[in-house]
Amino acid sequence: MEMEESFDAEGSFDDASCLSPQSPGSTSPARRQNKEEIKETKITINCVTFPVPMSTPEQQLLKPSEWSYCDYFWADKRDPQGATVPGFEVLLQKQLKGKQMQKEMAEFIRERIKIEEEYAKNLSKLSMFPMAAQEEGTLGEAWAQVKKSLADEAEVHLKFSSKLQSEVEKPFLTFRGDNFKKDMKKYDHHIADLRKQLVSRYAAVEKARKALADRQKDLEVKTQQLEIKLSNKTEEDIKKARRKSTQAGDDLMRCVDLYNQAQSKWFEEMVTTSLELERLEVERVEMIQQHLRQYTTLRHETDMFNQSTLEPVDKLLQSVDPAKDRELWVKEHKTGDLRPVDMDI
């Protein structure tokens, strides 16, 4: 980034020599000293004026200890391609990235829903298979309950997938709808317009600075020529040149004032808008946190409901009695209780 000296209106025209040049011997050192003081205290980077680090008392953060957006995005940066990216653009990209992350989270939950729905479908299908349907007795009852528990579990997973859709996926998709990007563009255009105005004001300052330097140089040359009798310029010519130099100084002061007003407006809007973006980001994070907590709540509920489907199975398994099953089977399928005896002659 090109660094140029800034213009401090408060310290530049307090000395009358800056407005009405005198002999080089008396004015040049003062101007050189003044310029050196300016260089030591302020610099202008991409048309924004900053204090030189270590040359002035350390600035206090607007929101100390909060790592607030309004304190850390005043300078521009370079992207990997070398293009200049304003600090505010970095904040906007964070917002748009957050919107994309939110969308991808919704897509992830949608895939989870599909898995749950497919799992429920397969459980329900499996529960209707006639495998081991002829098992009898207390074991047969327990086996039938195992199969039924699959159908009950399938219902649990269907309800889980439905709640995931309504209580997690949908909020992710609907939070800040289509108008969000439009709002971000409005912020972008607003700050960019203020920055463009600041650039224009800075260009006017540089133009006025050059005009003043030219007027001062012209006055010095005419004054020197008069002193050494190299010109027949009259005192009126000198006064005219001095008036033009003074006017150029006034023009420069006016341009600096307009520049400072433009920078102050840009500063105020940067603070206000960056704090709004900060609020929006906090809101987004808290929204996602809330609904991911709902996801875990639903997941725990699903585990509890699944556990409840196994309780009847556990109860019937405890009642399985091989002796009882043998008794029931024998009663139903016996072929006779008379045993063979020896044959008589």
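This passage looks at how helix 4 packs against three other helices, and at the bends in two of those partners.

The model is predicted, so local features need pLDDT of at least 70 and side-chain atom pairs count only at pLDDT 80 or more, while totals for chains, interfaces and linings use all residues. Residues are numbered from 1 along each chain as its sequence is written, and side-chain values use heavy atoms, with hydrogens and water left out.

Helices here are DSSP runs (H or I, at least four residues), numbered from the N terminus. Two packed helices are described by the angle between their axes and the distance between the axes. Axes are lines fitted to C-alpha atoms over the stretch in contact, with angles from 0 to 180 degrees between N-to-C directions.

Take helix 5 to start with. Helix 4 (residues 87-127) packs on helix 5 (residues 137-174) at about 165°, the axes lying 8 Å apart. That makes the pair roughly antiparallel (an angle over 145 degrees). The crossing is left-handed, meaning the near helix is turned anticlockwise from the far one by less than a right angle. Residues in this contact split into 17 nonpolar, 6 polar and 7 charged; Ala, Val, Leu, Ile, Met, Phe, Trp, Tyr, Cys and Pro count as nonpolar, Asp, Glu, Lys and Arg as charged, and the others, Gly among them, as polar.

Helix 6 (residues 179-227) is another partner: its axis comes within 11 Å of that of helix 4, crossing at roughly 175°. These two are therefore roughly antiparallel as well. On the helix 4 side the contact (heavy atoms within 4.5 Å) includes Phe88, Leu92 and Lys99, and on the helix 6 side Phe180, Tyr187 and Ile191. By class, there are 7 nonpolar, 1 polar and 4 charged residues.

With helix 7, helix 4 packs at about 15°, with 10 Å between the axes. That makes them roughly parallel (under 35 degrees), and this crossing, too, is left-handed. Among the contact residues are Phe88, Gly98 and Arg112 of helix 4, along with Met270, Glu281 and Arg299 of helix 7. The tally is 12 nonpolar, 5 polar and 5 charged.

As for the bends, helix 5 has a kink of about 35° centred on Gln165, where the bend is the angle between axes fitted to the seven residues ending there and the seven starting there. After helix 5 comes Arg176, with a positive phi near 55°. Helix 7 (residues 235-318) kinks by about 25° at Leu310, shortly before Pro312.

Notes
Angles under 35 degrees count as roughly parallel, over 145 as roughly antiparallel, 65 to 115 as roughly perpendicular and the rest as oblique.
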